[in-house]
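I opened the notebook to look up empty space and helix packing. My entries follow in the order I made them.

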Amino acid sequence: MIDKVFTIPSDLSFVDVLADYLISKGKDNGAFSLVDYHIILPTNRSLRALKEAFIRKSEGGALLLPRLMTVNSFHAVFDDLSRDDEDDLNIIPDFTRLFILSKLINGMGKYSESKSLSLASSLLEILDDFIDYNISYQDLETIVPDNYAVHWNEILEFLKIITLNWNDILKEQGFIDKKVFFNKKVLSILKAWQENPFDKPVIMAGLSFVSPITKTLFDEVVKLPNGCAIFHGLDNKISDADFDAISETHPQYSFKKLFIGSDISLKDVKNLVETKEGARLNLLKEALRPPSSVYKWKESDISNEALNNLYRIDCPDIDYEADIISLILRKTLEEEGKRAVVVTPNRNLARIIKSKMLKWDIFLDDSSGYPLTISKIGMFFDLISNYALNQNDHVALLELLKHPFTIAGFDFENSIKNTRKLERKYLRGLIKKLSIDEVIELIKEDDLKAWLNDVKQILSPFLDIFKKERFDFETVLKNHIKVAEKLASTLDTPLNLWRKNEGKVCADLMFKVLESAKMVGEINLKEYQEFIDLILSGETIRPLYGMHPRLDILSPIESRLQKSDVVVIAGLNDDNWVNSNGYNPWINQNMKKTLSLLSEDFEIGVSALDFLNQASNGKVYLTRSLKEGGALKNPSRWLLRLDAVMEIKGLKYNLLDEDFDCYVKSFYEVDEKITINAPKPTLPINFKPSELSLSDLKLLWHDAYAIYAKHGLKLKPLDDIEIEIGAREFGIVVHEVLSKSLNKTYNEILEIGTLALKEYGFDGGYWFQKFENYAKFFYEKVMEEKNLVDRSYCEVKGEAKLNDIKIKARADRIDVLNDKTLRLIDYKTSSKDLKKEALKGYEPQLVLEAMMAREGCFENVPPHNVSKIEYWQVDFENGGKIDDFEAVGRKKEPIDKDALIEDYRDRTIALLEYYKREDAIYLSKRTGEEIYSDYDHLARVEEWMISGDDNNE
């Protein structure tokens, strides 16, 4: 088999050398002769790369290209040579195949529909391998040792059933498995070649062992009169001993596996072009030697030239790595005509790099694209099904209404305007969750009501289906698509949903799913949503245009056969670059080896070849992150081997030709420290508030900026969309109930409280027990003091005038005692020591209420001296406790209440006097006390506190 198998060294661009070779053939035999050539390539990306190479080599002239195809499209090109009795069967659509397997798994009675679908997706990978390797029932009996867990034996039994019956199951429905069909077609074509050899040139270009059918194709192509194979990176200079010793993890193993049982041997492989092996390639081949021959490192001839234009960059984290790479790419663009590529299997790193390049308005093409689930249309479908699953969830409704596709025949501007109005006026501050019908009932504006009613009418056919516990998958999917179309339609564009690339990809996916939807049968709503998520996540969107012509981000698979002027091999950590098929619930790695299937070790060897081919020539940067997600990472095994060889030979990486670290730091550093000062706003006289509540006075005391925002700027915080029931609501209930409970029995108090708690949405447990304990304490205390109290006033309003400012208050309870003095009581559900704060001068409310009561400022409450001031606080263990203003300190020194009241009065008047001035500054956190404010984010509190500004005055 002389001159039938060739190799192009790793340090040459495969597609460029191949294009040169074919063009030279065309020049020798006439340009039209290239049309007769049939080139079989591994991937669509490599096919595109070869076309681009032809364009570069033609230098703008006309050129008739050879017939280009991938392995997967080979049978279609030579279809006229094959014919089979099963050609009348239809190739089973992908989703029909998936749904049939899902049904079979679900029939085991152990898994839900959605879990069965996920397991079916994993099983398809195994099934394809079984078909490729012709795994039989007898083969499976050998893969589960007796000491394995029982569930493995159960899985084995199911796999045996599939192995025996899969083709028959499909035949009954008029289908043939696409993998079976492909293999039969290829074998039929090859048989035709054997009977009548194909005399036109056929070249297998850049392929290595992938499956038995690939090996069979290779064996037959090289037997053709004008057939040959051209490999990339096959080392035909490796010794026979080393070639025999290589294991699955070696980069040459996929070639070795291709030669096993073939008439071709390593000595038959010729160089397509004669070239001297580069020093870099020599270094890499040495580093990746089989373990049995690493002793030869000491005697190997490796020069410093091997490290020319080879750089190693270890970054502290993945974000820093992306910054470095973005600078390398940006620098490449400054050199006219230069191309750069980032090769990485780490999709997260790829996304970060893309985002970093946007600061220069550079848009990159990531060959792996992005999943349909995170696209605009994918999220739209998910939001519709999510709302169907949570029809009383206001957040789910608003998420759907705010999506750019939710137009419902209007335009997006009006839709979002209506959504904002609906949210602010009707959906915030609600404790009870409402259906869309109940929301519509709340709305008073006719135009807003009509708009939401239109949305409801569109959603209704879809939502009505879910009134049943189970429903037909095909029916609900059709309705899902119709609802999405109608919601996204505008007056001018009824099919707005399917526009652009994302829409076309999604439309094609939905067509394929509907084609097979009958196979699913009935499912429930939760399973339906999981179905949709699984289906959308399996589809990838790749950009069609608008990407940069000289920069690319490629996965290792997509990078094969291509070269660039600058190559960044990124994310070189072991868990990234060790290509693994990942966990499969049906079969483990040991079982794969027993069945002679491709194992994880084989994938490691394939990754090693990818690394070798990309790192062997040009300007190459090897980058990795020391940490990802906060966890330390191990460097790639190939980096460790390079380190070992270089240490033995006394070599070191060259210094970078640019100080990239300095540039990266410049992205985040500033020339001088910026000190952010606390805001110091003032208010014109006519903007100052003329009345304040006691809670406002407390804010003025602690956080005057909140008064500035609330009364000066007239800013009001929005209520939460869905109020989470907690301590605040419990306090409201306690105040409401106790205001009605002075003359009630204990049981009556409990009844009122239970109804109130339920009305607010409390659902038993902790809060009910807490209220019950406090109610008991309250009732016993009221009964105990019944003869001491003349009459009581609850939730009583009051007004006072201080320094021309109207002060408004609402007292929880004021008792007129038998001695004609007053007692002020404040019900508290927090555990904070408010008495201590009041005595320190930080808690003015109850003391100022006492001042107003003493002066007769409360409705119907006669003016009397104040003898008692008390906080009645909730205490979970004891029900409640009373914190009074009778004594203070360890020595229990008596508190002069009149003096305390007068002190607060004077300080309040002085405070109000200051804020009457036009130059009065409304400081944020003016006392330094930690008090919550709804306006802290406007005052940028966290920023100036970090800067060290101090507002204490």
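**Entry: cavities.** I looked up the largest cavity first and found a volume of about 170 Å³. I keep in mind that this is a predicted model. The structure holds six cavities of 30 Å³ or more.

I then asked which residues lie nearest the centre of the largest cavity. They are Pro 9, Asp 235, Glu 277, Leu 281 and Lys 285, out of 16 lining residues. I sorted the lining of this cavity by class: four residues are nonpolar, seven polar and five charged.

**Entry: second largest pocket.** I moved on to the pockets. The second largest has a volume of about 1900 Å³. I noted 48 residues in its lining, with Ser 695, Lys 698, Arg 728, Lys 828 and Gln 845 closest to the centre.

Which elements give two or more residues to this lining? I listed the helices H29 (694-702), H30 (704-712), H31 (727-738), H34 (834-840) and H35 (845-854). Two strands join them, S22 (805-817) and S23 (822-828). By class, I have 16 nonpolar, 10 polar and 22 charged residues in the lining of the second largest pocket.

**Entry: H29 against H30.** Both helices contribute to that pocket lining, and I looked up how they pack. Their angle is about 130 degrees, and their axes are 5 Å apart. H29 and H30 are therefore oblique to each other, since an angle has to be over 145 degrees to count as roughly antiparallel and 65 to 115 to count as roughly perpendicular.

I wrote down the contact residues next. H29 brings Asp 696, Leu 699, Leu 700 and His 702. H30 brings Ala 704, Ala 706, Ile 707, Lys 710 and His 711. Five residues in this contact are nonpolar, two polar and two charged.

**Entry: H5 against H7.** I turned to another helix pair. H5 covers residues 113-133 and H7 covers residues 150-172. I found an angle of about 55 degrees between them, with the axes 12 Å apart. That makes H5 oblique to H7. The crossing of H5 past H7 is right-handed.

Which residues of H5 meet H7? I found Leu 123, Leu 127 and Phe 130. On the H7 side I noted Phe 158, Leu 159, Ile 162, Thr 163 and Trp 166. By class, I have seven nonpolar residues, one polar and no charged in the contact of H5 with H7.

Technical notes. Residues numbered from 1 in each chain as written. Predicted model: local features only at pLDDT ≥ 70, side-chain atom pairs only at ≥ 80, totals over all residues. Heavy atoms only, no water. Axes fitted to C-alpha atoms, helices over the stretch in contact; angles between N-to-C directions. Helix = DSSP H or I, 4+ residues; strand = E, 2+ residues; numbered from the N terminus. Parallel < 35°, antiparallel > 145°, perpendicular 65-115°, else oblique. Left-handed = near helix turned anticlockwise from the far one by under 90°. Contact = heavy atoms within 4.5 Å. Nonpolar A, V, L, I, M, F, W, Y, C, P; charged D, E, K, R; others polar. 1 Å grid on protein atoms, 1.4 Å probe; cavity = no way out; pocket = protein on both sides within 12 Å on 5 of 7 lines; lining within 4 Å. Points joined across faces, edges and corners; volume = space filled by probe spheres on them.
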